[in-house]
Amino acid sequence: MSDQLWIATRKGLMQWTRSPAGWRQARAHFLGDPVSHVLVDPRDAAIYASLNLGHFGCKLHRSDDGGAHWQEVAAPAYPAKPEGSEDKTPWDLKLLWTLAPGGADEPGVLWAGTIPGGLFRSADRGASWQLIESLWHRAERAEWFGGGYDHPGIHSILVDPRDSRRVVVGISCGGVWRSEDGGASWALSATGMRAAFMPPEMAFNENIQDPHRVVQCAAAPDTLWAQHHNGVFVSRDGARSWQEIERAGPSVFGFAVAVHPRDPQTAWFVPAVKDECRVPVDGQLVVTRTRDGGQSFESLSRGLPPAPGYDLVYRHALVVDASGRRLAMGSTSGNAWLSEDAADTWHMLSAHLPPVSALSFG
Amino acid sequence: MVTVTFTAHLQRHFDCPRHELQASTLGEALDQVFAKQPQARGYILDDQGALRQHVAVFIDGQRARDRDRLGDALRPGAQVHVLQALTGG
């Protein structure tokens with residue numbers, strides 16, 4: 001199991017370490033700066049932290065020594081917008097929302113998902129980035145729109161461990177897209193997703209779906225789970241089709257989802273009431289878990305605070321480590337918890353963090 | 001010669017001393033700064049080369065007007081200050 005946990009918050013990247021005495025915060029990096037995402041690359045243990053500096057834009061930093069030292073590397077940058085373009089979306093990096101490592105067979109390759117919706121790829125560990133124009137220039141992009149932000153964004157990038165040319169991306173609100181050729185071409189991949197927020201005749205339009213977060217089972221990559229704006233969906237054919245899970249505990253609304261690294265039938269969610277009320281159902285924070293592919297769910301709250309509580313776990317703020325037994329989550333209220341037993345029980349790491357945007361075991 | 005000074009808030013990210021240089025527009029002045037300090041470009045300008053939304057530039061006490069193309073003229077001896085607007089919490 002991992003003994004390091006990186007918590008990206010609105011005021012810094014917090015490094016937590018497990019010792020025989022328990023988990024403690026070892027250090028705060030980038031103190032005062034909003035850290036939007038953190039990735040520990042399992043191939044070389046490099047740590048990437050994306051900073052949203054507001055005034056000065058988004059920056060990316062990398063550490064090659066476990067966080068002892070950081071260097072600023074390149075952030076994805078959009079090319080010059082053609083004169084006379086009718087594209088209303090600004091061609092400017094608003095948020096570096098997610099990072100994903102390339103395959104084991106392509107060291108140095110990283111993928112970055114951004115707001116306003118561009119996908120980028122680096123071949124040199126972040127020293128330089130290229131916009132994936134094959135996706136950016138899709139005509140369908142004109143119909144995408146922001147989901148909670150002014151502009152659409154790519155929040156999930158899944159690289160198939162069996163074949164690194166197969167990449168799936170999740171977009172709010174732009175559906176799910178799939179490439180089989182390393183990003184040279186793309187196909188819409190949200191068949192079966194339903195958008196309750198659209199007029200009924202458009203509800204199954206793949207291009208405007210709002211999956212909040214998509215994750216892939218590492219050992220069974222044909223299974224993906226999605227926490228969507230109005231429901232839970234599962235795919236068993238590599239994102240070609242999705243089945244809606246009608247009942248998933250106290251609510252089907254939420255932002256985060258994690259899938260067991262080896263068991264595709266096991267996944268965890270952190271539900272909230274609904275879009276217009278993003279707080280735990282009845283004020284009781286729970287983590288829901290299915291172990292049978294979505295046929296049934298348990299609501300787990302041992303060690304979580306009793307009602308009334310208002311924690312919301314955002315889309316990158318629930319993670320499971322390679323063992324499948326250790327999970328961590330952080331809320332927008334600045335609380336973070338850890339479980340050593342697949343979410344049966346939780347213990348609080350801190351009640352005093354800034355709002356948590358993302359976590360990564362390392 | 002014109003003088004270009006940067007907000008102290010940028011010093012924590014990289015060295016940005018005061019620059020004295022010859023330039024007749026804001027864009028020319030900033031290009032020379034970025035030639036010496038390439039890292040600075042992404043902090044001051046967005047991906048389209050415009051001033052970032054929350055960066056303010058004052059030329060002889062007046063706000064720079066041409067935020068997209070940086071075409072504001074600089075007289076000899078102009079004092080250019082690059083600051084950040086105050087936001088956050």
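User: In this predicted model, how many residues does the hairpin use to join β17(A) to β18(A)?

Analyst: The model is a predicted one, and in it β17(A) and β18 (residues 231-235) of chain A pair in the antiparallel sense over five bridges. One of the pairs puts A:His228 opposite A:Gly231 in β18(A). The hairpin that joins β17(A) to β18(A) runs through two residues.

User: And the strand on the other flank: which residue of β16 stands opposite A:Ala226 in β17(A)?

Analyst: Strand β16 covers residues 211-216 of chain A, and its pairing with β17(A) is antiparallel, over five bridges. In that pairing, the residue opposite A:Ala226 is A:Val214.

User: Are the faces of β17(A) covered, and which residues sit on each side?

Analyst: Strand β17 spans residues 224-228 of chain A, and five of its five residues are buried. Both faces are covered. One side has A:Leu224, A:Ala226 and A:His228, and the other has A:Trp225 and A:Gln227.

User: Moving on to the sheet β20-β21-β22-β23 of chain A, which strands stand at its edges?

Analyst: This one is an open sheet of four strands with antiparallel pairing. An edge strand has a single partner, so one side of it is left without a neighbour in the sheet. That description fits β20 (253-259) and β23 (298-300) of chain A.

User: What stands opposite A:Arg289 in β23(A)?

Analyst: A:Arg289 belongs to the pairing of strand β22 (residues 287-290) of chain A with β23(A), which is antiparallel and has three bridges. Its opposite number in β23(A) is A:Glu298.

User: There's another open sheet, β24-β25-β26-β27 in chain A. By how many degrees are its neighbouring strands turned against each other on average?

Analyst: The pairing here is antiparallel across four strands, and β24 (318-320) and β27 (347-350) of chain A are the edge strands, each pairing on one side only. Ignoring direction, the average turn between neighbouring strands of this sheet is 20 degrees.

User: Which residue is the bridge partner of A:Val319?

Analyst: Look at where β24(A) meets β25 (residues 327-330) of chain A: the two run antiparallel and are joined by three bridges. The partner of A:Val319 lies in β25(A), and that residue is A:Ala328.

User: Is A:Arg10 buried, exposed or partly exposed?

Analyst: A:Arg10 is in the loop between β1 (4-9) and β2 (12-19) of chain A. To be buried, a residue needs 20 or more other C-beta atoms within 10 Å, while 12 or fewer would make it exposed. A:Arg10 has 19 C-beta neighbours inside 10 Å, so the verdict is partly exposed.

User: Setting aside neighbours within four places in sequence, which residues is A:Arg10 in contact with?

Analyst: A:Ser189 isn't a candidate to expect here: it is 179 residues away along the chain, and the two C-alpha atoms are separated by 33 Å. With those sequence neighbours left out, the contacts of A:Arg10 are A:Pro34, A:Pro354, A:Pro355 and A:Ser357.

User: Over to chain B. What pattern does chain B follow along the sequence?

Analyst: The ingredients are two helices and five strands. Read along the sequence, they give β-β-α-α-β-β-β.

User: What radius of gyration does chain B have, set against a compact globule?

Analyst: The C-alpha atoms of chain B fill a box of roughly 40 × 25 × 25 Å along the principal axes. With 89 residues, a compact globule would come out near 12 Å. Chain B agrees with that, at 12 Å.

User: Why do the buried residues of α1(B) line one face of the helix?

Analyst: The buried residues of α1 (residues 26-36) in chain B are B:Leu26, B:Ala29, B:Leu30 and B:Val33. Seen down the axis, they line one face because they fall within an arc of 95 degrees. As general background, an α-helix has 3.6 residues a turn, so residues three or four places apart point the same way. The value behind the one-face reading is the arc of 95 degrees.

User: Which elements of chain B do those buried residues pack against?

Analyst: Of the 89 residues of chain B, 30% count as buried. The ones in α1(B) pack against several elements of chain B. They are β1 (2-6), β2 (19-21), α2 (41-44), β3 (55-59) and β5 (79-84).

User: Last one: on the side of chain A that touches chain B, how many residues are nonpolar, polar and charged?

Analyst: The contact takes twelve residues from chain A and twelve residues from chain B. By class, the chain A side has seven nonpolar, three polar and two charged residues.

Key
Residues are numbered from 1 along each chain as its sequence is written. Chains are lettered from A and ligands numbered from 1 in the order in which they are written. This is a predicted model: local features need pLDDT of at least 70, side-chain atom pairs count only at pLDDT 80 or more; totals for chains, interfaces and linings use all residues. The arc is that of the directions from the helix axis to the C-beta atoms. Two residues are in contact if their C-beta atoms, placed from the backbone, lie within 7 Å. Ala, Val, Leu, Ile, Met, Phe, Trp, Tyr, Cys and Pro count as nonpolar, Asp, Glu, Lys and Arg as charged, and the others, Gly among them, as polar. Two strands pair if DSSP finds at least two bridges between them. Axes are lines fitted to C-alpha atoms, for helices over the stretch in contact, and angles run from 0 to 180 degrees between N-to-C directions. The radius of gyration is taken over C-alpha atoms; the globule rule is 2.2 Å times the number of residues to the power 0.38.
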